[in-house]
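Me: Could you take a close look at one part of this structure for me? I would like to understand how the strands in chain A are arranged.

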Amino acid sequence: MKIVIVGNGKVGFFLAGQMVREAHDVTVVDVREDALRRAADMLDIMVIRGNGVSTDILREAGADGADLLVATTNSDEVNMVCCLIAKNLGTGYTIARIRNPEYTASLAELRQNLKIDMVINPESATAVEISRLLRFPSAANIETFCRGRVELMGFRLQEGDFLVGKPLRTLSTQVKKLSLLFCAAERDGHVSIPNGSFVPQVDDKLYLIGRPNSLDQFFRVLGRYAPKIKQVLVVGGGKVSNYLLHLLDKTDMRIKLVELSEERCRQLHQVYPRVMTICGDGTDQELLESENLSASDAFVALTDQDEDNLIISLYAMQKGLSKIITKCNRQNYAGIARSVGLDSVISPKFITASHILHRVRGMQNSQGSVMNSLHRIADGGAEAMEFTVSPSTRHLGVALKDLRLKSGILIAVIVRGQEIIIPEGSSALCPDDIVIIISRDSGILDLNDIYVEETPAPVSGGGVQ
Amino acid sequence: MNLKLVLKVLGRILLIESASLALPLLVALIYGENPLPFLWSIAITALLGLGLSVLPAQKRFFVREGFVAVGLIWMVTCLLGALPFWFSGYFSSFVDCLFESASGFTTTGASILSNIEALPNGILFWRSFTHWMGGMGVLVLATAVLPSMGIRSHYLTQAETPGPVFSKLVPKQAKTSKILYGIYCALTLLEVACLKLAGMPLYDSFIHAFGTAGTGGFSNRNISVGAYNSMAVDMIIAVFIILFSLNFAVYFLLLTRKFREVLHSDELRFFLLAVAGATVLISVNIYPLYSDLVQTFRYAFFQVCSIISTTGFSTTDWSFWPQFSHLVLIMLMFCGACAGSTGGGMKCSRVLILMRSIRREIHHIIHPRSVEVVTLDGKVVEESTVHSVLTFVGCYLLVILSAALIISLDNFSFSVSFSSALTCVSNVGPGLEAVGPAGNFAAFSPLSKLVMSLCMIIGRLEIFPILVLFSRSTWRRA
């Protein structure tokens, strides 16, 4: 596909990199020469210097024949105008990043009048993610499929967990009868798909997929069922916090917000009177102590500075809080943070890019099986994809044990009507099933991509059933 | 420094080189000549290439590796390209073979042969075919035909594509290379057809088309294109020389019907104006020699095209022309063709940027607080680009002067020493006096020949890849 990305910031650059890896033709437009040079040096793309709202520049970038235009400059208005112009030039599909909350109310009209096909708000998407983590505290991160009927959770093994040191196939029947599957394991930054002989070790991060209530039961058995979160301490009152408060306002959680600017505190308190707003420096340990940090159930670090977020999260971890969510935009920091035990590190950039990538892949599947959603798990080391099986999918009705799948591919869940099936060797795909595939490599775009052709031999499915 | 990966890339390029040796082998077989020189060369090149390309290597590949790879690849390619010449036995020393090969790949067209016509057809075909490969670049060819090695291939093509700024035609490097080679092949075949129609033998048509396409200048005749003494041949070659010295992006713009942008290209206008201006000046200057307006124009136009494009064909021995014409031609040698073409020299766009920044400097002296930007094609040229152009021009002159200094050890006249250094760095071919269109480079010492071969590669790769290769900090661990 021909893709034009306007704005080569963090999201634009990350997206361009992913799309190049998936063999799209990418052109990046930006006004900053140095940013463009960096992109052109590192990626196989074309760069054009200029303002994305200029028709000439967009035409030079090939927007007139492009399939997709993503506008991710730091100005909402530029993004909107850019999409409008591109659409008039003949771009097939336009995505705009719009982050100002003031626009959120009138988003529907805006989208219609400006012919924007998709609007993505990184802060709002991040807030949704955080609220989900707060509502399901057992997991480090959660992805949902089939409108919440299937969930995928990641958690880190600790000393003394009953899973440690035994192959998965020897697990007790109590666990085996739960409808869930170990679908990925991350050890020392390396992601693998575990089979029955996989031996979990302390500090492995395991990913489980299954029904939400099965997952709940599993965590109960594991003795890690965290009680519901009642008291949350949020540091930083930026855009993400604003959206987060909006989402949490409807729940019964008590929220304490620490923000440096008094003006901002007033604004937030005006909108969310239930929230306890505290004006002060959230990186000041004494302040956190006096606000009784250790009595909170969860801690969310959302300041503008990645470094501050990481440090105060470490402090909170030291104070024994079980649920700590850290915003960190820099991917390289996130890796270090995970290695010291901060599991829920989230990056608005990463979330935005995932949303857009998912849509791009969906667009590619005009024929064949439709990809409904894509989630990147284990730090991008693996992907979980939801497909709807169409009649054009190959090997329909063939038992899974007779199929030969590419290595690093796992058929994790089949949803047939109301039924949620954790597949066994005898299961088979039928049209209109929804399947969730776990893949270690990016680039599975169609359900037919998972098969190795011509050499049929049984595949070893793994995990607990 | 990830030397293993660099060597692996080198190995792949050598495989391409050994494959391309099959063409002259075929020619040698058709003419019933001794195929052994080619068979040996193919065997050695392929074995070396295979050995290097199976090296296990990490995928770490940055600008440093890119530059070293380009420099190394060109030097080794030229070295192995000399093998057929050496095995043929027509050359007296390996340095001569190396000179001839470097002159071929860098599209210089300077020769140490005094009687070209004595050589077998296969060897002459290889000699000209190196022009064709070197013109658009062996690495551009490699990115077009080889699957990506997962490395950032534009680091390779960037160093090989001439001009102050590197830009792609389409987002994918591999596709850009394919388009470039597509245009290149189409134009070459068109020229072969035109020359054949104008009455040139097919073999000669190919030789001269390769010479034109790469803007090289090797002919299979002792007196170059002049041997055909045909107005039609002269004009066909002159026109194609101009076509090959334009930025290839122009053809892409024409193919995608963006005519307006073509007309707005400053560099294109400057190049055509320079050709027209120099033709008029030389015509006026040499008119007394020919006393025939058509003949005067024919020789002047052909020579101007041949020199500004850095091809180096000649239709007449212009060493008998007056000094003024010589100096006009020398200036054209400095200027060279357009960026993104197959030609050498400093490139018209650099000359334009240089002149405009000189004008800006003058304004700045008169109005010390004035702020001006340098523009090209109506777009602002980055200050860093202006800077790199100025540095480049400085380096260019330094390289020529240092080379001339070493060559002067052979005790030829100033004209010979200087013009031979200039002609090698600018990839033109002929110089003045003894190395003029009728002369050759045989008389130089082996040291001078080696220096000149290196100068040709320095000029072809626009200096920096070779300087990087010889810089100590490149090879330091940290």
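Here is a walk through the strands of chain A, followed by a short look at chain B.

Reply: Happy to help! Please keep in mind that this is a predicted model.

Let's begin with strand 1 of chain A, residues 2-6. Of its 5 residues, 4 are buried, so to speak of it as mostly covered is fair under the cut-off of 20 or more other C-beta atoms within 10 Å. Strand 1 of chain A has two parallel pairings to look at. With strand 2 of chain A (residues 25-30), strand 1 of chain A shares 5 bridges, and the two run parallel. With strand 4 of chain A (residues 68-71), strand 1 of chain A also pairs in the parallel sense, here over 4 bridges. A:Ile3 is a handy residue to click on: its bridge partner in strand 2 of chain A is A:Val26, and in strand 4 of chain A its bridge partner is A:Leu68. Between strand 1 and strand 2 of chain A, the path goes through helix 1 of chain A (residues 10-21), making a right-handed β-α-β crossover.

Now for another sheet topic further along the chain. Chain A holds an open sheet of 6 strands with parallel pairing, in the order 14-13-12-15-16-17. Strand 14 (276-279) and strand 17 (344-346) of chain A are at its edges; each has a single partner strand, so one side of each lacks a neighbour in the sheet. From one strand to the next, the twist averages 15 degrees.

At the strand 14 edge, the partner is strand 13 of chain A (residues 254-259), paired in the parallel sense over 4 bridges. Within that pairing, A:Glu259 stands opposite A:Cys279 of strand 14 of chain A. Helix 11 of chain A (residues 262-271) packs on the sheet here, touching both strand 13 and strand 14 of chain A, and its direction makes about 175 degrees with that of strand 14 of chain A.

Finally, a word on the neighbouring chain. Contacts between the chains involve 9 residues of chain B and 8 residues of chain A. On the chain B side, these comprise 2 nonpolar, 3 polar and 4 charged residues. Chain B itself has 23 helices and 2 strands. Its radius of gyration is 22 Å, close to the 23 Å from the globule rule for 478 residues, so chain B is as compact as a globular protein of that length. Of those 478 residues, 52% count as buried.

Methods:
Residues numbered from 1 in each chain as written. Chains lettered and ligands numbered in written order. Predicted model: local features only at pLDDT ≥ 70, side-chain atom pairs only at ≥ 80, totals over all residues. Rg over C-alpha atoms; globule rule 2.2 N^0.38 Å. Buried ≥ 20, exposed ≤ 12 C-beta atoms within 10 Å, placed from the backbone. Pairing = 2+ DSSP bridges. Right-handed = clockwise from strand over helix to strand, strands pointing away. Contact = placed C-beta atoms within 7 Å. Nonpolar A, V, L, I, M, F, W, Y, C, P; charged D, E, K, R; others polar. Axes fitted to C-alpha atoms, helices over the stretch in contact; angles between N-to-C directions.
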